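Reader: Could you walk me through this structure, one question at a time?

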Amino acid sequence: MIERLRIERLRVIRYADVRFNRGIYWFHGPNGSGKTTIIEAIHLLSTGRTFAGKAELDPLIQDGQAGMSIRLDHSEHGGFTLHKVRGEDKHLIRSTQDTMKQNEVARLLPLVTVHAQSHLLIDGPAVVRRRYLDWGLFHTNEAFVQQSQHYARLLKQRNASLRQGLPDRLVRSWDELLGETGEYLKMHRENHLRSLKPHIDQCLQALLPEWKVEIIHRPGWSRLTEDLTTAFAKTLEQDRVRGYTGIGAHRAELALQVGGKAARERLSRGEKRRLSLALRLAQLLWYKHLKGYPPLCLLDDFGMELDESGGRTALDIVSASGAQALVTTTEHLLQTYLSYTPVKAVFHVKHGEVQIH
Ligand SMILES: Nc1ncnc2c1ncn2[C@@H]1O[C@H](COP(=O)(O)OP(=O)(O)OP(=O)(O)O)[C@@H](O)[C@H]1O
Ligand SMILES: [Mg+2]
């Protein structure tokens, strides 16, 4: 559980110090007051990226300031600090040891985040859904993480030999290892989807009961080919024309379909919000089922493009999971939803300052 968050010189926030306990924490206030910045600070610390997926942190340092810091105290893992000085590399520190790698922080501070760009899980490119699938593997399967890094290195080498126009013999020298590693990633992604599926079904049943959503893992190469190494051999000529490896585990896709059509084409905006919420909350339930405790839940602009029943259902799922949640919303929606969260606190954010109600 997070116990305290301190932010210095991040965007509109000059200094904020907020304490937390169990339950749901609401942040409301005018546009531009710093609501998103508060919860995004935790996302930055855990993942190294903004909600928009950007890793460049200098634009986030308050104008005219030389650096920023985010410090989080966790009941089990102690203190974590992210320091960023303009123009220098960022620095991640844990109170019990020296500098940490971003992956270590991400593992200790698992997050399920829903924000304005979350519809990209439905509308965006395949990489967004691949990351969605790999999130669970990242948190539970160290070997998978190593194998996917290994795969990325091998792929880079094969692509370099294609680009340089090296003879077939040299390009194909990567195929066996790359093929085997790709098969490994495929198997683990399929297994993971199977274990995630009951939780997805539960959340879809609650949030999108009128649609039957099909979720299909496509490994990134034809199922008609017996294995990936053989598939590489069959597509070598196309790869030569393209100048890169066009098939493989790096092209895996999690296809989302309703009534045999792509969800992105068939669903309304609000239905897409519900679908992406269901998929994210399924991760929350899956993680809790496996580890015995839920990840921290960050919900930005809660209620946007959702009808009241959708918002209520989502809050019910979060509350029932026992997750600690930080939620930003408008004054109006706060009044709508506050009564649906039994254990809560409310903060008002104004010109980058946070006041408890
Ligand atoms: N480097 C910076 N220095 C100072 N202020 C900045 C910087 N970058 C962004 N800002 C300002 O910080 C504010 C962003 O705050 P934030 O996105 O947290 O607001 P919010 O309360 O979530 O607003 P909304 O209701 O619109 O979602 C904006 O007013 C923005 O102009
Ligand atoms: Mg905001």
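Author: Gladly! Before counting contacts between domains, one definition helps: two residues are in contact if their C-beta atoms, placed from the backbone, lie within 7 Å. Please keep in mind that this is a predicted model.

Reader: Good to know. Which residue ranges make up domain 1 and domain 2?

Author: The domain assignment divides the chain into two domains. Domain 2 covers 117–294. Domain 1 is written in two pieces, 1–110 + 296–357.

Reader: How many residues of domain 2 are in contact with domain 1?

Author: The centres of the two domains, taken over C-alpha atoms, are 29 Å apart. On the side of domain 1, 15 residues take part in the contact. From domain 2, the number is 16.

Reader: Which element gives the most to the side of domain 1 that touches domain 2?

Author: That side of domain 1 has eight nonpolar, four polar and three charged residues. Five residues of this side come from one helix, spanning residues 308–321. The element you are after is helix 12.

Reader: At what angle do helix 7 and helix 12 pack?

Author: Helix 7 spans residues 175–207, and its contact with helix 12 is made by Cys-203, Ala-206 and Leu-207. Helix 12 brings Gly-310, Thr-313, Ala-314 and Ile-317. The residues of this contact divide into five nonpolar, two polar and no charged. The axes are 9 Å apart, and the angle is about 145 degrees.

Reader: Now the sheets, please. Which strands stand at the edges of the sheet with the order 2-1-4-5-6?

Author: This is an open sheet of five strands with antiparallel pairing, and its twist averages 10 degrees from one strand to the next. Two of its strands each have a single partner strand, so one side of each is left without a neighbour in the sheet. Those edge strands are strand 2 (13–19) and strand 6 (91–94).

Reader: How many bridges pair strand 4 with strand 5?

Author: Strand 4 (residues 67–74) is also joined to strand 1 (residues 2–10) by six antiparallel bridges, and Arg-6 stands opposite Arg-71 there. With strand 5 (residues 78–85), strand 4 forms a hairpin that has three residues in between. The pairing of strand 4 and strand 5 is antiparallel, and the number of bridges is eight.

Reader: What is the bridge partner of His-83 in strand 6?

Author: Strand 5 and strand 6 pair in the antiparallel sense over four bridges. In strand 6, the partner of His-83 is His-91.

Reader: Is Phe-80 buried or exposed?

Author: Phe-80 is found in strand 5, where it is the bridge partner of Leu-72. Leaving aside neighbours within four places in sequence, Phe-80 is in contact with Leu-45, Leu-72, His-74, Arg-94 and Val-105. A residue is buried if 20 or more other C-beta atoms lie within 10 Å of its own. Because Phe-80 has 24 C-beta neighbours inside 10 Å, it counts as buried.

Reader: Which strands does helix 1 lie across?

Author: Helix 1 covers residues 35–47 and runs at about 100 degrees to strand 1. The strands that helix 1 lies across are strand 1, strand 2, strand 4 and strand 5.

Reader: And the ligand: which residues come nearest to ligand 1?

Author: The shell around ligand 1 has four nonpolar, nine polar and three charged residues. Its largest share, three residues, comes from helix 1. Of the 16 residues around ligand 1, the nearest are Val-12, Gly-32, Lys-35, Thr-36 and Thr-37.

Reader: There is another sheet, with the order 8-9-10. What is the bridge partner of Gln-257 in strand 10?

Author: That open sheet has three strands with antiparallel pairing. Strand 8 (213–218) and strand 10 (261–262) each have a single partner strand, so one side of each lacks a neighbour in the sheet. Two bridges join strand 9 (residues 253–258) to strand 10. In strand 10, the partner of Gln-257 is Ala-262.

Reader: Last one, on backbone angles. Is His-351 buried or exposed?

Author: His-351 has a positive phi near 45 degrees without being a glycine, and its place is in the loop between strand 13 (344–350) and strand 14 (353–356). Arg-9, in strand 1, also has a positive phi, about 55 degrees, and Arg-9 is buried, with 20 other C-beta atoms within 10 Å. A residue counts as exposed if 12 or fewer such atoms lie within that distance. Because His-351 has 12 other C-beta atoms within 10 Å, it is exposed.

Terms used. Residues are numbered from 1 along each chain as its sequence is written. Chains are lettered from A and ligands numbered from 1 in the order in which they are written. This is a predicted model: local features need pLDDT of at least 70, side-chain atom pairs count only at pLDDT 80 or more; totals for chains, interfaces and linings use all residues. Domain bounds come from an automatic or database domain assignment. Ala, Val, Leu, Ile, Met, Phe, Trp, Tyr, Cys and Pro count as nonpolar, Asp, Glu, Lys and Arg as charged, and the others, Gly among them, as polar. Two strands pair if DSSP finds at least two bridges between them. A residue is near a molecule or strand if its C-beta atom, placed from the backbone, lies within 6 Å of it. Axes are lines fitted to C-alpha atoms, for helices over the stretch in contact, and angles run from 0 to 180 degrees between N-to-C directions.
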